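Visitor: I have a model open here and would like to talk it through. Could you walk me through a few of the contacts?

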Amino acid sequence: VRGSTKPKIIYFPIRGRAELIRLTLAAAGVEWEEEPVNLVKLAQLKQSGEAPFGQVPLYIEGNLHLSQSNAIARYLARKHKLYGNNDKESAVIDMILDGHVDLMNKILPHLFPSINREELEKFGKETAPTWAGYFEKILAKNNGGVGWAVGDKLSIADLSTFLLVERYEELGFGGVVSIAPLLFGLKDRVAAIPSIAGYLKSDKRLQEGARLS
């Protein structure tokens, strides 16, 4: 409903590139609406110009219309104080987020347009542990890795880490916990936050688009 005061996410009915946006809203305690799209609706959005780059997700908040999933998530994190306590912390958060994007860009070609199990297995043995180790070292530098990813409070870097580790587990890479226990511990801390736990158990939590099971 266009007249609603709740922000709206326009996206396919999967987690995908909108999930960090949803998790950020959930962490902030903000209710939102979903407008699911299919290829026909996406074509209409492109034709109307409502999708600036011809793609989704789109985020609508009053007269603010945003595209680009990371721009949306970062906007929401800044707005809801989930972006660190100062510019230096924000820069480290950006570094972690961009590292997660780099890693997912390495994974996605093995999932879409179809799942390549052979390449995923190879990825799980070679690349996944290496990158988990990168993030593990970053966590260890902040209070020994037993708190949050950056600084002394929850940030979008923690939410993104949650999604990354969850993806590892879904793809069968969970064995890297032996070399990255801090990553998996952080995922559990994020999941235990009441607003996050409520979202994860709710009907708003959609299925992933590509799963091995």
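**Helix contacts and a strand pair**

Guide: Let me begin with two helices of this predicted model: Met95, Ile96, Gly99, His100, Asp102, Leu103, Lys106 and Ile107 in helix 4 meet Phe123, Thr127, Trp131, Phe135 and Ile138 in helix 5.

Visitor: What's the mix there, by class, in the contact of helix 4 with helix 5?

Guide: By class, the contact of helix 4 with helix 5 has 8 nonpolar residues, along with 3 polar and 2 charged ones.

Visitor: And at what angle do helix 4 and helix 5 pack?

Guide: Helix 4, which covers residues 87-107, and helix 5, which covers residues 117-140, pack at an angle of about 180°, and their axes are 11 Å apart. Angles over 145 degrees count as roughly antiparallel, so helix 4 and helix 5 are roughly antiparallel to each other.

Visitor: Switching topic, where does lysine 8 sit, and is it buried or exposed?

Guide: Lysine 8 belongs to strand 1, residues 8-11, and lysine 8 is buried because its relative accessible area is 7%, where buried means under 20%.

Visitor: What does the side chain of lysine 8 make a polar contact with?

Guide: The partner is the side chain of glutamate 35, at 3.0 Å from the side chain of lysine 8.

Visitor: What about the two faces of strand 1, then?

Guide: Both are covered, since Lys8 and Ile10 on one side and Ile9 and Tyr11 on the other are all buried.

Visitor: Which strand is strand 1 joined to, and by how many bridges?

Guide: Strand 1 is joined by 4 bridges to strand 2, residues 33-36, and the two run parallel; within strand 2, proline 36 stands opposite tyrosine 11.

Key: Residues are numbered from 1 along each chain as its sequence is written. This is a predicted model: local features need pLDDT of at least 70, side-chain atom pairs count only at pLDDT 80 or more; totals for chains, interfaces and linings use all residues. Side-chain values use heavy atoms; hydrogens and water are left out. Buried means under 20% relative accessible area, exposed over 50%, partly exposed in between (1.4 Å probe, protein chains only). A polar contact is a pair of N or O atoms within 3.5 Å; within protein, one must be able to donate a hydrogen and the other to accept it, and residues adjacent in sequence count only if both atoms are side-chain atoms. Axes are lines fitted to C-alpha atoms, for helices over the stretch in contact, and angles run from 0 to 180 degrees between N-to-C directions. Angles under 35 degrees count as roughly parallel, over 145 as roughly antiparallel, 65 to 115 as roughly perpendicular and the rest as oblique. Contact means heavy atoms within 4.5 Å. Ala, Val, Leu, Ile, Met, Phe, Trp, Tyr, Cys and Pro count as nonpolar, Asp, Glu, Lys and Arg as charged, and the others, Gly among them, as polar. Two strands pair if DSSP finds at least two bridges between them.
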